[in-house]
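Reader: Got a minute to walk me through a fold? I care about strands, odd backbone angles and burial.

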Amino acid sequence: MTRFWHVLLFILLLRPLVLPTQAQARLAMREGVRKEHTALVRKATVHPSAVAAMPPQAAPAPFEAARLFKLRPVGAWTEAEYLVIESAVTATALRLAQATGREAADIFLAVYGGLVEFRRTPACPEALVSCAGLWGWTETPTLIWVLPELTPSLLAEHPRWGVHELGHAFSFALAERPEQLPDSLLDRSGFAGALNDWQYSSAVSGREIFADMFVAWVFAQWGTPGGPGTDKAGWIALHLGTWLEELQ
Ligand SMILES: [Zn+2]
């Protein structure tokens, strides 16, 4: 054999030891993706009530919650805050997936029209007269302001607050139609808990009551069965199909 063939044979013999074959590379990539998904699913159970409330047959596929939202400005958030907002986005996406049969990330992006930005501000946005007593303000379907009163420790303790704001964003994506509640539902009855637990406003307005109804819908948690919560849940169920069909 010539020197050329020696070298070629040497390379061919050595190749499996040095370079991964295409199949090996594909396997390694799949393993990486699987690990990533497992980590995300584990993260998604930080606040597990949404997942626990779902019937097992509806358990959706893992998805990457991190690509559904962004926190601005970068660096202004604690890890606990990140996890709480991620859990709110995750719970909402999972519920939308359950309601539509679509993949969680796809339906979330379709409903909101893109990823949702949570924007922290040290001063009250000009559009608001005052921020006294306010934790958040949803300006558009994809922009939620985190106001000065919602300090890191407060936000970290209220995983459902983000879902309330995503309820406003959902309503805005539908030209505010979901908040046109019938008079019979315009009260603060039927929720699973009090203010800053299962309600993130005490206002008796269609807008704020709907946002809290959205929280109840996402987590499938209402007040005593057969009571006013059942009426509120029924109203959402009645309209949800039309709303989601419009947004998909
Ligand atoms: Zn609100």
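Author: What follows is a quick tour of strand pairing, unusual torsions and one helix. Keep in mind that this is a predicted model.

Reader: Strands, then. How do E3 and E4 run, and how many bridges join them?

Author: Strand E3 covers residues 136–140 and strand E4 covers 143–146. They run antiparallel, joined by four bridges. Gly136 sits opposite Val146 in E4.

Reader: And how many residues lie between E3 and E4?

Author: Two residues, and the pair forms a hairpin.

Reader: What does E4 do with E2, parallel or antiparallel?

Author: Parallel, through four bridges. Glu117 has Leu143 in E4 as its bridge partner.

Reader: Which residue of E2 partners Lys70?

Author: Glu117 again: in E2, it is the bridge partner of Lys70. The strands there are E1 and E2 (residues 116–120), which pair in the parallel sense over four bridges.

Reader: Switching topic. Where is the cis peptide bond?

Author: From Arg72 to Pro73, with omega near -10°. Most peptide bonds are trans. Pro73 belongs to the loop between strand E1 (69–72) and helix H4 (79–100).

Reader: Now phi. What is the value at Glu176?

Author: Near 65°, so positive in a residue other than glycine. Most residues other than glycine have a negative phi. Glu176 is in the loop between helix H7 (161–173) and helix H8 (206–219).

Reader: What about Asn196?

Author: Phi of Asn196 is also positive, near 65°. Asn196 lies in the loop between H7 and H8.

Reader: Why does Glu176 count as partly exposed?

Author: Because Glu176 has 13 C-beta neighbours inside 10 Å. A residue is exposed at 12 or fewer and buried at 20 or more, so that count falls in between.

Reader: And how many for Asn196?

Author: Asn196 has 15 other C-beta atoms within 10 Å, so Asn196 is partly exposed.

Reader: Last topic, H8. How far does it reach?

Author: H8 has 14 residues and spans 20 Å from first C-alpha to last. That is close to the 20 Å expected at 1.5 Å a residue.

Reader: Why call H8 largely enclosed?

Author: Because 11 of its 14 residues are buried. Among them are Ile209, Phe210, Met213, Phe214, Trp217 and Phe219. Asp212 is buried in H8 as well.

Reader: What happens to phi just after H8?

Author: Ala220 takes a positive phi there, about 50°.

Conventions:
Residues are numbered from 1 along each chain as its sequence is written. This is a predicted model: local features need pLDDT of at least 70, side-chain atom pairs count only at pLDDT 80 or more; totals for chains, interfaces and linings use all residues. Two strands pair if DSSP finds at least two bridges between them. The expected span of a helix is 1.5 Å times one less than its number of residues.
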